[in-house]
Amino acid sequence: MAALRSWDIFCRVIDNLGDIGVCWRLSAELASRGQRVRLWVDDPSPLSSMAPGALEGRWPGVRVLPWSRSADPSVLTGLEPADVWVEGFGCEPEPAFVAHRFGGMGRSWAPPPPVWINLEYLSAERFAERCHGLPSPLGQGPAKGHVRWFFYPGLTAATGGLLRETDLAARRAAFDRAAWLARWNIRLAGEQVVSMFCYEPAGLGPWMRERSQDARPTLLLVPSGRASAAVRSHLGGSARATEGSPGRHTEGSLSIVFLPPLTQPDFDHLLWACDANFVRGEDSLVRALWAGKPFVWQIYPQSDQAHQGKLAAMLDAWAAPASWREFHRAWNGLTDGNGARWEPDRWAPAVESVRSGLEAQPDLCQRLCAFVDRAFAASGSGGKQS
Ligand code: TRH
């Protein structure tokens with residue numbers, strides 16, 4: 001049983017939904033386990049659809065605060081010091097925030113320093129195991145001499161694991177697919193149902209064309225935003241129109257339903273309702289793993305091409321069969337697509353094997369709380385527990 005503590009989680013939104021998606025999921029899950037969380041974020045707007053009520057202070061255990069206030073002296077003066085700091089993806093808390101906490105160290109009334117964690121990006125590359133849990137001593141600034149710890153999510157026991165809610169398996173088992181689809185006026189008539197959460201993969205148009213000419217009908221469910229714009233750009237006529245044109249758009253055997261912005265739990269429901277899923281970035285990849293349906297991952301592309309090694313390591317970690325691997329390489333623009341076959345049914349056993357292996361491991365929050373407990377024990381301060 002982990003000690004109950006207070007947490008400051010810092011999030012700067014660089015692009016897309018992943019930064020806030022991960023930081024929110026971590027915040028909400030820690031809170032559901034009794035931890036008290038303040039989430040400092042520079043652009044909280046995606047939370048209005050991802051987690052309704054969070055911005056209005058109606059989320060038990062989590063307070064969402066504007067990033068700018070973390071540098072405001074009048075806010076800092078009255079702020080109860082947190083036991084743990086988690087910065088998402090090296091986002092660096094404001095110098096004023098750090099100075100306020102560490103500047104007074106050594107005074108008789110100073111609280112013990114927080115355990116300061118840098119939560120890194122998910123990767124299956126070797127360095128994640130190598131670097132997970134390493135200290136990074138701060139060489140300058142008001143926190144000079146203190147330590148920040150690297151915490152790497154990952155797929156193995158030697159990493160920080162993956163975010164997973166304690167009630168996830170039970171919720172998935174109780175999920176009523178027909179009822180969820182009926183919310184979007186969908187009644188199935190034998191189609192394969194596929195979700196499409198992607199950037200702008202070159203293979204999207206050809207894949208849609210193939211499905212439209214396939215003997216097997218496909219129903220494509222498309223969440224709003226970049227994915228929706230990408231799919232629309234391959235459609236003709238009215239469906240090409242902007243976000244918000246409701247109803248089904250049909251091209252041959254392919255029909256498409258565009259969805260509004262979903263809550264995070266509903267994003268899971270989308271993945272559970274489908275026979276196969278296209279996902280992107282990191283958080284939706286993890287959700288696709290938990291959904292346990294055949295999926296294709298579009299990795300976030302990096303200008304230095306570092307994503308290529310990251311994709312290869314992930315495919316290795318899944319022991320992906322050849323056709324799954326080939327489809328991934330094509331979808332991520334690493335091949336011309338010749339030879340990549342859409343065969344989700346053949347990928348299903350591998351996905352199930354990865355999912356069940358990962359579910360047997362402790363989740364990220366368990367590992368993070370245990371890590372923090374050990375860090376406090378080693379420092380001799382114990383931290384303040386509630
Ligand atoms: O949005 P992303 O592409 O985020 C990416 C990656 O995280 C990448 O590593 C990062 O560097 C880059 O942004 C800047 O994909 P990701 O990570 O899957 O995050 C999407 C989140 O949005 C996920 O938490 C699910 C959530 N979501 C909803 O809650 N409702 C929705 O309707 C949709 C479409 C997504």
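Here is a short chat about how the ligand sits in this predicted model.

Me: Hi! Anything to know before I look around?
Reply: The model is predicted, so to speak of local features pLDDT must be at least 70, and side-chain atom pairs count only at pLDDT 80 or more, while totals for chains, interfaces and linings use all residues. Residues are numbered from 1 along each chain as its sequence is written, and side-chain values use heavy atoms, with hydrogens and water left out.

Me: Thanks! Which residues come nearest to the ligand?
Reply: Tyr199, Leu262, Arg280, Asp283 and Ser284, out of 23 residues around the ligand; being near takes a heavy atom within 4 Å.

Me: What does the side chain of Arg280 contact?
Reply: An N or O atom of that Arg280 side chain is 2.7 Å from an oxygen atom of the ligand. Such a polar contact is a pair of N or O atoms within 3.5 Å.

Me: And Gln264?
Reply: A polar side-chain atom of Gln264 is 3.0 Å from a ligand oxygen atom.

Me: What about Leu262?
Reply: There a polar backbone atom lies 2.7 Å from a nitrogen atom of the ligand.

Me: New topic: where does the ligand lie relative to the domains?
Reply: Domain 1 (6-164 + 363-379) and domain 2 (168-359) both give residues to the shell, so the ligand lies between them. Those bounds come from an automatic or database domain assignment.

Me: What kinds of residues make up the shell?
Reply: The shell has 10 nonpolar, seven polar and six charged residues. Here Ala, Val, Leu, Ile, Met, Phe, Trp, Tyr, Cys and Pro count as nonpolar, Asp, Glu, Lys and Arg as charged, and the others, Gly among them, as polar.

Notes: A polar contact is a pair of N or O atoms within 3.5 Å; within protein, one must be able to donate a hydrogen and the other to accept it, and residues adjacent in sequence count only if both atoms are side-chain atoms.
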